[in-house]
Amino acid sequence: CVDSPPTTTPGPTTRPPPTTTEKPTTTPKPTTTARPTTATPRNCWACPTCTCDNPPSMDNFFLPYPGDCHKYYECIYEGTDSECPWSSVGYTCDDWVFNPNQASCVSPEISDIEC
């Protein structure tokens, strides 16, 4: 029998746990858009010819919509609005017709308004 040198079993090797480094995060800065120095005035009227020329001294009066007897518009005064102190808002009477003498929608059967 031949003597062999003693063998040693290597001990367990331990590796340090892997380290992870998080990437730094940056929050993007918000972008701002400059407002234009000149603005297009807003449309103050319900239709191009639905103006409130020579308005009476009172607020909220109704006028026939040009070219359509089933519609009308209301003139509204808002003195604190520098762009549109007078404006108009359009309405419809549906199947009825607008009677400017009564400032209301009436049945076409009892109206003398022709469409």
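**Disulfides and two unusual backbone positions**

A search of the whole structure, which is a predicted model, finds five disulfides. When the bonded cysteines are counted along the chain, their pairing follows the pattern 1-7, 2-3, 4-6, 5-10, 8-9.

One of these links joins Cys47 to Cys50, with an S to S distance of 2.0 Å. The torsion about this S-S bond is about 90 degrees, so the disulfide of Cys47 and Cys50 is right-handed. Cys47 is buried, at a relative accessible area of 9%, and Cys50 is buried as well, at 0%.

Another disulfide connects Cys69 with Cys115, S to S 1.4 Å, and with 85 degrees about the S-S bond this link is right-handed. Because Cys69 lies in the loop between β1 (61-64) and β2 (71-77) while Cys115 belongs to the segment after β5, the pair ties together parts that are 46 residues apart in sequence. Cys69 is buried, with 15% relative accessibility, whereas Cys115 is exposed, at 69%.

Cys93 and Cys105 also form a disulfide, with their sulfur atoms 1.9 Å apart, and since the torsion about the bond is about -70 degrees, this disulfide is left-handed. Cys93 sits in the loop between β3 and β4 and Cys105 in strand β5, so the pair ties together parts 12 residues apart in sequence. Cys93 is buried at 7%, while Cys105 is partly exposed at 26%.

Most residues other than glycine have a negative phi. Asp94, however, has a positive phi of about 55 degrees; this residue is found in the loop between β3 (86-92) and β4 (97-99) and is exposed, at 56%. Ala103 likewise has a positive phi of about 55 degrees, lies in the loop between β4 and β5 (104-106), and is partly exposed at 35%.

How values were computed: Residues numbered from 1 in each chain as written. Predicted model: local features only at pLDDT ≥ 70, side-chain atom pairs only at ≥ 80, totals over all residues. Heavy atoms only, no water. Helix = DSSP H or I, 4+ residues; strand = E, 2+ residues; numbered from the N terminus. Buried < 20%, exposed > 50% of the residue type's maximum accessible area, 1.4 Å probe, protein only. Disulfide = S-S within 2.5 Å.
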